[in-house]
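User: I am new to reading protein models and would like to learn how the labels are earned. Could we go through some together?

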Amino acid sequence: MKILNKKIILPSILFIVIISGCLTGPSVIEHGIFAPSRHEYVLGQDGVCSIQFDDTLTLWTFADTILGKWKTGKGPVSSLENDTVTEGMISNSLAWSEKITPANFKNIKLSYLTEDGRPTQFIKNRSGEDPLYHRFWALDGVRIGNRVYVYYLHIFVPDYTKFLDFKVLYSGLAVWYIPEGWKPGDHVRFKRLGPMFKGEYPAYGASVMKKDGYVYLAGHFKKGDRFPLSFARVREDKIEDTGSYEFITENGKWVNDIDSAGEFFGDVSGECSISYNSSLKKYVLIYSKIFTGEIKTATFTGFENIKEAKLVTVYKPEKKEGAPMWPYSGKEIFSEDGRIFIIYIDPMIYQPMLIELKL
């Protein structure tokens, strides 16, 4: 999923190699395509987000998800176009796995929410919402008590034959009330709540985190040739109340007026991630730089001084010959003991690629 960079076409694969970060900085290890077990269900995806469900289980949300068959039966080899017979694209999907850790991330197995044996949308179109024109891009989410919340964007596509011809109608919120005794494979039913943030931008929900009783959100702007971020927060027990959200200003103050929300960074391609790293004792923002695909990290001690964040380029993926755009949507999917695991989307094969950042 992405506000800016959206394409389904494709070829090639990164091999595993250890490199050093750009200039000076942490070391990076490339791990290739994230969770190849996905290829049992899907051909390609973007908009990858992880939600910690409990001590044993991780939920995964995805945005655009391509369905069909592999010609080789092995996943992408030369290009998604050459290696597949596509049968459609749904605008969101949901999977689960055992809790992802440094011990299992290389062979983590994802299982998908399905209907009639095929992955299905967990954020559904309502009657009268033709999926060719109304799409629901899943963003990030959070579990609070017996509920899982996922933010999403309601997208209107006036002409689905045209590349990047779409408009964001609003940022929404979907909720799943977890039945007692639920286990993987049981039914999952998300309910769409009303629009949370009307209008096209900022598109809140690009990243979600919990800390000290609050839920923090990153939102994405598109302003001419600038692509900044905005940040919001809400108390956990008020997450469904649009009027309870606060927004950080450029002066580092939390206010209730969304029009006073500050703009930060300015070069963000697609989604990002925001987390609190207990090893660093700092917040860590990770994103892909627009027009270059570089993976950048920003660290800061509190949102009140985010303008002074230390910004570092840690990795620059290759833009392959013939690629329709630069890699996009760099984000953390989990971290542990000074290691941050990051994915970005390779538009040639429409796959999330995994790298490991060692601090």
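User: Which residue stands opposite G68 in strand 7?

Analyst: Residue T86 stands opposite G68 there. Before we go on, please note that this is a predicted model, where local features need pLDDT of at least 70, side-chain atom pairs count only at pLDDT 80 or more, and totals for chains, interfaces and linings use all residues. Residues are numbered from 1 along each chain as its sequence is written, and side-chain values use heavy atoms, with hydrogens and water left out.

User: What makes strand 6 and strand 7 a pair?

Analyst: Two strands pair if DSSP finds at least two bridges between them. Strand 6 (residues 65-70) is joined to strand 7 by 6 bridges, so the rule is met, and the two run antiparallel. The strands themselves are DSSP runs of E with at least two residues, numbered from the N terminus.

User: Why are strand 3 and strand 7 said to stand at the edges?

Analyst: They belong to an open sheet of 3 strands in the order 3-6-7, with antiparallel pairing. Strand 3 (44-45) and strand 7 (84-90) each have a single partner strand, so one side of each has no neighbour in the sheet.

User: How do you know that C49 is not in a disulfide with C272?

Analyst: A disulfide needs two cysteine sulfur atoms within 2.5 Å. The sulfur of C49 has its closest cysteine sulfur in C272, 9.4 Å away, so that is too far for a bond. Searching the whole structure gives 0 disulfides.

User: Why is C272 called buried?

Analyst: Buried means under 20% relative accessible area, exposed means over 50%, and partly exposed lies in between (1.4 Å probe, protein chains only). C272 has 2%, so it counts as buried. C49 is buried too, at 4%.

User: What makes R135 and D64 a salt bridge?

Analyst: The rule asks for a side-chain nitrogen of Lys or Arg within 4 Å of a carboxyl oxygen of Asp or Glu. Here the N to O distance is 3.0 Å, so the pair qualifies. R135 is in strand 12 (residues 134-144) and D64 in the loop between strand 5 (57-62) and strand 6, 71 residues apart, so the pair links distant parts of the chain. Both R135 and D64 are buried. By this rule the count comes to 12 salt bridges.

User: In the salt bridge of D212 with K211, why is D212 called exposed and K211 buried?

Analyst: The closest N and O atoms of this pair are 2.8 Å apart. D212 has a relative accessible area of 63%, so it is exposed, while K211 has 19%, so it counts as buried.

User: Why is F156 called partly exposed?

Analyst: Its relative accessible area is 30%, so F156 falls between the buried and exposed cut-offs. F156 lies in strand 13 (residues 147-156).

User: How do you know that strand 27 is largely enclosed by the rest of the structure?

Analyst: Of the 8 residues in strand 27 (residues 339-346), 7 are buried, so the description fits.

User: What makes strand 26 and strand 28 partners of strand 27?

Analyst: Strand 26 (residues 328-336) pairs with strand 27 in the antiparallel sense over 6 bridges, and Y328 has I345 as its bridge partner. Strand 28 (residues 351-358) is joined to strand 27 by 8 bridges, also antiparallel, with I343 opposite L354. Both counts satisfy the rule of at least two bridges, so both pairings stand.

Definitions and conventions:
Helices (H or I, at least four residues) and strands (E, at least two) are DSSP runs, numbered from the N terminus.
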